There are 2 protein chains.
Amino acid sequence: MEKINKLAIVGGTHGNEFTGIYLVKKFEKFPDLISRTNFETKTLLANPLGFELVTRYIDTDLNRCFKVEDLENSTNLNYEESRAKFINQMLGPKGNPKFDFLLDLHSTTANMGLTIVLVNNHPFNLKMAAYLSSVEPDVKVYSWINPGVENSFLNSICERNLGIEVGPIAQGIIQADLFQKTEKLVQISLDFIEHFNEGKLHHINGDIVVYKHLKVVDYPKTEDGEIAAMIHPELQGRDYQKLSPGEPMFLTFDGKTIYYQEKTPVWPVFINEAAYYEKGIAMCLTKQESITV
Amino acid sequence: MEKINKLAIVGGTHGNEFTGIYLVKKFEKFPDLISRTNFETKTLLANPLGFELVTRYIDTDLNRCFKVEDLENSTNLNYEESRAKFINQMLGPKGNPKFDFLLDLHSTTANMGLTIVLVNNHPFNLKMAAYLSSVEPDVKVYSWINPGVENSFLNSICERNLGIEVGPIAQGIIQADLFQKTEKLVQISLDFIEHFNEGKLHHINGDIVVYKHLKVVDYPKTEDGEIAAMIHPELQGRDYQKLSPGEPMFLTFDGKTIYYQEKTPVWPVFINEAAYYEKGIAMCLTKQESITV
């Protein structure tokens with residue numbers, strides 16, 4: 001497999017996710033922290049105007065702007081669509097990128113701890129996920145792949161990439177413990193790539209647990225489209241825990257429990273993510289699988 | 001003391017504080033919940049456009065728009081300034097209001113549990129705070145009074161009022177446990193007022209612990225005005241806990257601890273509130289006092 005010569009650490013793809021933004025600022029101030037012997041590292045604050053206004057986005061979610069068709073469409077030019085084209089020029093173009101690896105730093109209001117988000121099954125990404133979760137056993141691996149649908153995340157510019165999600169944390173704040181954990185995971189990621197380039201990582205084989213995306217679930221709604229229920233208190237905060245048929249999912253505002261009614265258990269993630277209310281996502285359901293890399 | 005004939009429950013003074021907003025929506029759908037025998041209760045969603053766009057405010061913080069001078073100024077008419085004048089017409093005017101009591105529902109990313117915010121020392125408000133904290137011992141009372149400065153909060157329209165802050169919770173989400181706790185506190189508040197109107201509450205006397213506002217503290221900043229440090233992990237989440245001279249306050253991005261260096265202990269609140277980054281407030285310092293009501 002080809003060596004990695006150029007790597008980008010991206011923060012602030014969403015302007016109100018401060019953990020990645022202030023990490024990028026820290027790395028820009030102290031570049032030695034991310035310098036390694038055998039590849040070049042660049043940092044990028046992806047949505048600077050979103051950060052200035054402390055909002056996820058100005059016009060549209062930047063992390064849904066990276067389909068080839070949209071990148072090549074010269075008529076859609078709102079703020080994030082324009083930024084996507086600029087970033088695609090800088091790091092890409094998608095499919096034939098100047099950069100060999102992207103690391104995109106996100107945060108979530110869901111209790112997802114340290115999560116690695118995979119958007120494809122590239123063996124390098126799987127090996128790196130296996131390594132990171134062996135060094136940091138708290139790390140979870142979420143494979144967010146919709147078969148047959150082109151991924152629209154910034155990371156999809158490169159085949160080789162990882163997303164990091166950290167939570168629970170409110171939008172618009174820095175929390176020292178999660179900041180430090182994310183920074184450590186970035187450091188281990190860079191070390192992994194340095195060793196990979198040195199040919200030292202052929203031995204990484206083993207089983208990892210992957211949470212594979214199945215589908216999203218919306219909040220119960222009224223006829224007017226208003227939210228009619230909250231995440232049930234027994235489910236709140238239980239990301240990556242098994243949800244079995246008959247267990248509580250939602251609690252309506254008038255006190256009725258809505259139960260999970262399908263036939264097989266699932267493992268929900270992104271439970272109660274603030275930015276997903278408008279997307280009609282109360283949580284994502286996954287299945288837990290052990291795979292060999 | 002005059003009876004309370006008209007009371008308003010206000011939610012969404014900040015458009016991204018969902019706890020109060022969805023409580024107001026619930027009360028509008030089930031008005032029996034807030035109906036009492038001897039006073040009239042009205043609900044108000046204070047910043048509907050802010051809620052629609054899931055943002056604290058559109059142009060300016062609505063909860064800083066209620067100084068008499070600003071309410072009477074007919075030239076400042078941005079969205080929140082206009083809303084403030086409308087709300088002042090509906091519930092006020094400030095100083096001679098049509099409503100006798102305001103209950104304004106807020107939430108915070110700080111770990112403030114259930115907090116009652118006092119903006120004046122009206123004996124009714126103090127008695128009510130004493131009652132609520134006797135029924136719900138977890139309730140804290142924060143007296144946010146800057147002597148000699150007119151209060152600019154929505155609540156300041158009426159002399160008799162309470163603010164409720166609940167946290168920690170991210171902006172833009174509903175969390176069932178905190179929703180239920182806030183709802184219960186609203187119910188107890190209404191019960192208190194019903195009993196007061198019946199003349200049954202003359203016996204409420206006693207000591208309560210009040211956290212009196214001293215001053216705000218900003219984040220350490222660089223020469224460019226950028227944040228240079230985070231809330232120290234040993235202080236994060238410790239709202240209402242004593243901070244003694246020599247204890248950690250901040251952790252700079254390059255790993256240096258900044259200690260609290262004044263001579264007397266303080267009790268910080270609003271530690272790491274997302275909306276206060278732009279206000280230059282990392283936390284508010286208070287002193288703990290026991291007062292007799």
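# A two-chain model, strand by strand

User: In S12(B), which residue is the bridge partner of B:Val269?
Analyst: Keep in mind that this is a predicted model. Strand S11 (residues 267-269) of chain B pairs with S12(B) in the antiparallel sense, over 3 bridges. B:Val269 has its bridge partner in S12(B), and that partner is B:Cys284.

User: How many bridges join strand S7 of chain B to strand S12 of chain B?
Analyst: Have a look at one pair of residues to begin with: B:His213 stands opposite B:Thr286 in S12(B). The two strands, S7 (residues 207-217) and S12 (residues 283-292) of chain B, run antiparallel, and the number of bridges joining them is 10.

User: Over in chain A, which residue in S12(A) does A:Tyr211 stand opposite?
Analyst: Strand S7 of chain A covers residues 207-217 and pairs with strand S12 (residues 283-292) of chain A. This pairing is antiparallel, over 10 bridges. Opposite A:Tyr211 in S12(A) stands A:Gln288.

User: Which are the edge strands of the open sheet in chain A?
Analyst: The sheet has 9 strands, in the order S2-S1-S3-S6-S4-S5-S7-S12-S11, with mixed pairing. An edge strand pairs on one side only, and here those are strand S2 (40-45) and strand S11 (267-269) of chain A.

User: By how much are neighbouring strands of this sheet turned against each other on average?
Analyst: We're still on the open sheet of chain A, where the pairing is mixed. If you ignore direction, the average turn between neighbouring strands is 30°.

User: What is the radius of gyration of chain A?
Analyst: Chain A holds 6 helices and 12 strands. For 293 residues the globule rule gives 19 Å, and chain A comes close to that, so it is as compact as a globular protein of that length. Its radius of gyration is 19 Å.

User: Which helix or strand gives the most to the side of chain A that touches chain B?
Analyst: There are 24 residues of chain A in contact with 24 residues of chain B. Helix H1 (18-29), helix H6 (176-197) and strand S8 (229-231) of chain A each supply at least two residues of that side. With 3 residues, the one that gives the most is H6(A).

User: What kind of axis relates the two copies?
Analyst: Chain A can be laid on chain B by a turn of 180° and a shift of 0.0 Å along the axis, with an RMSD of 0.0 Å. The copies are thus related as by a two-fold rotation axis.

User: In chain A, which residue has the C-alpha nearest the axis?
Analyst: The axis here goes with the turn of 180° that lays chain A on chain B. The nearest C-alpha in chain A is 2.1 Å from it and belongs to A:Ala170.

User: Is A:Phe270 buried or exposed?
Analyst: A:Phe270 is found in the loop between S11 and S12 of chain A, and its phi is near 50°, a positive value in a residue other than glycine. To count as buried, a residue needs 20 or more other C-beta atoms within 10 Å of its own. A:Phe270 has 27 of them, so it is buried.

User: What does B:Val54 count as, buried, partly exposed or exposed?
Analyst: B:Val54 has its place in the loop between helix H2 (48-52) and helix H3 (68-72) of chain B. Its phi is near 50°, positive although the residue is not glycine. With 17 C-beta neighbours inside 10 Å, B:Val54 counts as partly exposed.

Note on methods. Residues are numbered from 1 along each chain as its sequence is written. Chains are lettered from A and ligands numbered from 1 in the order in which they are written. This is a predicted model: local features need pLDDT of at least 70, side-chain atom pairs count only at pLDDT 80 or more; totals for chains, interfaces and linings use all residues. Helices (H or I, at least four residues) and strands (E, at least two) are DSSP runs, numbered from the N terminus. The radius of gyration is taken over C-alpha atoms; the globule rule is 2.2 Å times the number of residues to the power 0.38. Two residues are in contact if their C-beta atoms, placed from the backbone, lie within 7 Å. Two strands pair if DSSP finds at least two bridges between them. Axes are lines fitted to C-alpha atoms, for helices over the stretch in contact, and angles run from 0 to 180 degrees between N-to-C directions. Copies are superposed by least squares on the C-alpha atoms of residues with pLDDT of at least 70 in both. A residue is buried if 20 or more other C-beta atoms lie within 10 Å of its own, exposed if 12 or fewer, and partly exposed in between; C-beta atoms are placed from the backbone.
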